[in-house]
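Visitor: I am new to this structure and would like to understand the reasons behind the words used for it. Could we go through them one at a time?

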Amino acid sequence: ICYNLLNHNKKAGVTMQTNSAVNSSYKYYAFISYSSKDHKLAKWLQNKLENYRLPSKIRKANADIPKRLVPIFRDKTDLNGVVLEESLKKELDSSKFLIVLCSSNSKNSTWVNKEIEYFKSIGKADFIIPVMLEDNTDCFPEEIRNITPSLLGINITEKGKKYAFLQIVSTLLNIRFDDLAKRDKKRTVKRRAAVSIVTAAAVLIGSYVLYYNAPHIKYYNDVVYYKELPCGIYELSEAEVKNQACSYKITTKRNKTVS
């Protein structure tokens, strides 16, 4: 399993005081740096992070962490300039973390490398989170490879997007990945059980409604024969009533026979 520097330090028993190193008045929880060719995954990650709610027990055990990771900054323009724009510098200044989507597309991106370079220059190299979209560190942009000690990336291809996403969340909040994964799994199981119960109830109710409103052969199988041949449902004539051992009354509801 690949972890970044924050998770690596937690494994080693070191707790990083993130709030002391980052201005507490940050505007964005994270800034996503990516190549425009990877925009679909960048958009997915932004939406996933901003809509994710932490399990209640994780929040209770860590009173200082936020309920939601909002907002997340994702630049939607395709920038090809050489000098990093002042507006983006302000967004980087106001971001607590920098999430870098590492791929063969972003590896040689001048813009991605400049965003990383600037984030390092303002003293936040420890708050860069590389997310590997390919299964090797060759996809790292040069500015990440130059960080000492080198960062370990979160590999999205190793165990899938959900596993990598939880690794990102655990890093952003500086909490143990195992605790978050276990709680998230329990919440998923409960949610699926609730959905199954609701679905089963809906099926039962729907089946009952269909059964109640549909005509049943047992209600009228004695009256659909004429000369021992089935000819459909009809109201008995007076002559037929006289010739029958007993008569029948057909009760309908919504133009359907119910008895």
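Guide: Let us begin with a pair of residues in this predicted model: V100 has P130, in strand 4, as its bridge partner.

Visitor: How do you know that strand 3 and strand 4 pair?

Guide: Two strands count as paired if at least two bridges are found between them. Strand 3 (residues 95-102) and strand 4 (residues 128-132) are joined over five bridges in the parallel sense, so the condition of at least two bridges is met.

Visitor: What makes strand 2 and strand 5 edge strands?

Guide: The open sheet has five strands in the order 2-1-3-4-5, with parallel pairing. Strand 2 (72-74) and strand 5 (154-155) are its edge strands, as each pairs on one side only. As for what pairing involves, strands of a sheet pair through backbone hydrogen bonds, either parallel or antiparallel.

Visitor: Why is C102 not said to form a disulfide with C139?

Guide: The sulfur of C102 has its closest cysteine sulfur in C139, at 5.3 Å, which is too far for a bond. A disulfide needs two cysteine sulfur atoms within 2.5 Å, and therefore this pair does not qualify, with its sulfurs 5.3 Å apart. The search of the whole structure likewise finds zero disulfides.

Visitor: Why are C102 and C139 called buried?

Guide: The word buried is used for a relative accessible area under 20%. C102 has a value of 0% and C139 has a value of 1%, so both names fit the word by that cut-off. Of the 259 residues of the protein, 39% count as buried.

Visitor: Why is E158 called partly exposed?

Guide: E158, which is placed in helix 9 (residues 156-159), has a relative accessible area of 39%. Buried would require a value under 20% and exposed a value over 50%, so a value in between is called partly exposed. In space, the C-alpha of E158 is 9.0 Å from that of E134, although the two residues are 24 apart in sequence.

Visitor: What makes V209 fit for a place in a nonpolar patch on the surface?

Guide: A patch residue needs over 30% relative accessible area and no salt bridge, and nonpolar side chains, Val among them, are joined within 5 Å. V209, in helix 11 (residues 177-213), has 39% relative accessibility and counts as partly exposed, so the area condition of over 30% is met. Together I205, Y208 and V209 form the patch, with about 320 Å² of accessible area.

How values were computed:
Residues are numbered from 1 along each chain as its sequence is written. This is a predicted model: local features need pLDDT of at least 70, side-chain atom pairs count only at pLDDT 80 or more; totals for chains, interfaces and linings use all residues. Side-chain values use heavy atoms; hydrogens and water are left out. Buried means under 20% relative accessible area, exposed over 50%, partly exposed in between (1.4 Å probe, protein chains only). Patches are made of residues with over 30% relative accessible area and no salt bridge: like charges are joined within 9 Å, nonpolar side chains (Val, Leu, Ile, Met, Phe, Trp, Tyr) within 5 Å. Accessible areas come from the Shrake-Rupley method with a 1.4 Å probe; for residues, only the protein chains shown count as cover. A salt bridge is a side-chain nitrogen of Lys or Arg within 4 Å of a carboxyl oxygen of Asp or Glu. Helices (H or I, at least four residues) and strands (E, at least two) are DSSP runs, numbered from the N terminus.
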